[in-house]
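Grab a pencil and open the viewer. Here is a short set of exercises, each with a worked solution to check yourself against.

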Amino acid sequence: MNVPRVINTYFDADTRQDAEAMMASFSDNPVVEDDAARHQGADAIRSWWMAAKRETQYLAEPLEGRVDGPSTTIRARVSGQFPGSPIILTYTFLVENDRIARLEIK
């Protein structure tokens with residue numbers, strides 16, 4: 001996929017369960033919205049991500065991506081220990097200065 005490098009870094013770190021590399025892909029004051037919850041700041045995002053990995057043991061496999069200016073949309077197959085697995089989710093990233101400023105997962 002031809003998407004900003006930081007997005008590939010995010011998915012690679014997520015797959016390897018590398019919290020440090022995943023967090024390094026975010027800007028200084030990032031926001032993540034997932035499952036009708038908002039997580040703002042590095043500590044909140046790290047806690048959200050670690051809890052999701054622990055509880056569902058999910059794996060996100062990017063399928064296709066589309067770049068529209070600073071916004072990139074990725075459709076990914078997400079499988080894990082949760083009802084309905086696998087499912088297709090849409091990740092919408094806002095990239096600023098080569099880092100993820102915002103991520104919305106639906």
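The exercises below work through a predicted model, moving from a helix to strands, a loop and salt bridges.

**Exercise 1. Check the span of helix α3 (residues 42-56) against what its residue count predicts.**

Solution. Start with the count: helix α3 has 15 residues. The expected span is 1.5 Å times one less than the number of residues, so α3 should span 21 Å. Now look at the model: the end C-alpha atoms of α3 are 21 Å apart, which agrees.

**Exercise 2. List the buried residues of α3, then find what they pack against.**

Solution. Step one is the list: Ile45, Trp48, Trp49, Ala51, Ala52, Lys53 and Thr56 are buried. Step two is their surroundings. On the helical side, these residues pack against α1 (5-16) and α2 (19-24). On the strand side, they pack against β1 (26-34), β2 (37-40) and β6 (99-105). Before moving on, glance just past the helix: glutamine 57 follows α3 and has a positive phi, near 50 degrees.

**Exercise 3. Trace how β4 (residues 71-79) pairs with β3 and with β5.**

Solution. Take β3 (residues 59-68) to begin with: β3 and β4 run antiparallel and are joined by 9 bridges. One pair to pick out is leucine 59 with serine 79 of β4. The two strands form a hairpin with 2 residues between them, and glycine 69 in that turn has a positive phi of about 65 degrees. Next comes β5 (residues 87-96), which is antiparallel to β4 and joined to it by 8 bridges. Here isoleucine 74 has tyrosine 91 in β5 as its bridge partner.

**Exercise 4. Is serine 25 buried or exposed, and which residues does it touch?**

Solution. Place the residue: serine 25 sits in the loop between α2 and β1. Its relative accessible area is 2%. The cut-off for buried is under 20%, so serine 25 is buried. Leaving out residues up to four places away in sequence, serine 25 touches Val6, Thr9, Tyr10, Arg99 and Ile100.

**Exercise 5. What does asparagine 29 contact beyond its sequence neighbours?**

Solution. Asparagine 29 belongs to strand β1. Setting aside neighbours within four places in sequence, its contacts are Gln40, Gly41 and Ala101. For scale, the C-alpha atoms of asparagine 29 and histidine 39 are 10 Å apart, with 10 residues of sequence separation.

**Exercise 6. Go through salt bridges of the model and sort the partners by burial, starting with lysine 53 and aspartate 14.**

Solution. The total is 10 salt bridges. Lysine 53 and aspartate 14 meet at 3.6 Å, N to O. This pair links distant parts of the chain, with lysine 53 in helix α3 and aspartate 14 in helix α1, 39 residues apart. Lysine 53 counts as buried at 9% relative accessibility, and aspartate 14 counts as buried at 1%.

Now glutamate 61 and arginine 77: their closest N and O atoms are 3.0 Å apart. Glutamate 61 lies in β3 and arginine 77 in β4, so the pair ties together parts 16 residues apart in sequence. Glutamate 61 is partly exposed at 39%, and arginine 77 is partly exposed at 35%.

Then take glutamate 104 and lysine 106, whose side chains meet at 3.2 Å, N to O. Glutamate 104 is partly exposed at 24%, whereas lysine 106 is exposed at 64%.

To finish, look for a network: Asp12, Arg16 and Asp18 are linked by salt bridges.

Note on methods: Residues numbered from 1 in each chain as written. Predicted model: local features only at pLDDT ≥ 70, side-chain atom pairs only at ≥ 80, totals over all residues. Heavy atoms only, no water. Helix = DSSP H or I, 4+ residues; strand = E, 2+ residues; numbered from the N terminus. Buried < 20%, exposed > 50% of the residue type's maximum accessible area, 1.4 Å probe, protein only. Contact = heavy atoms within 4.5 Å. Pairing = 2+ DSSP bridges. Salt bridge = Lys/Arg side-chain N within 4 Å of Asp/Glu carboxyl O.
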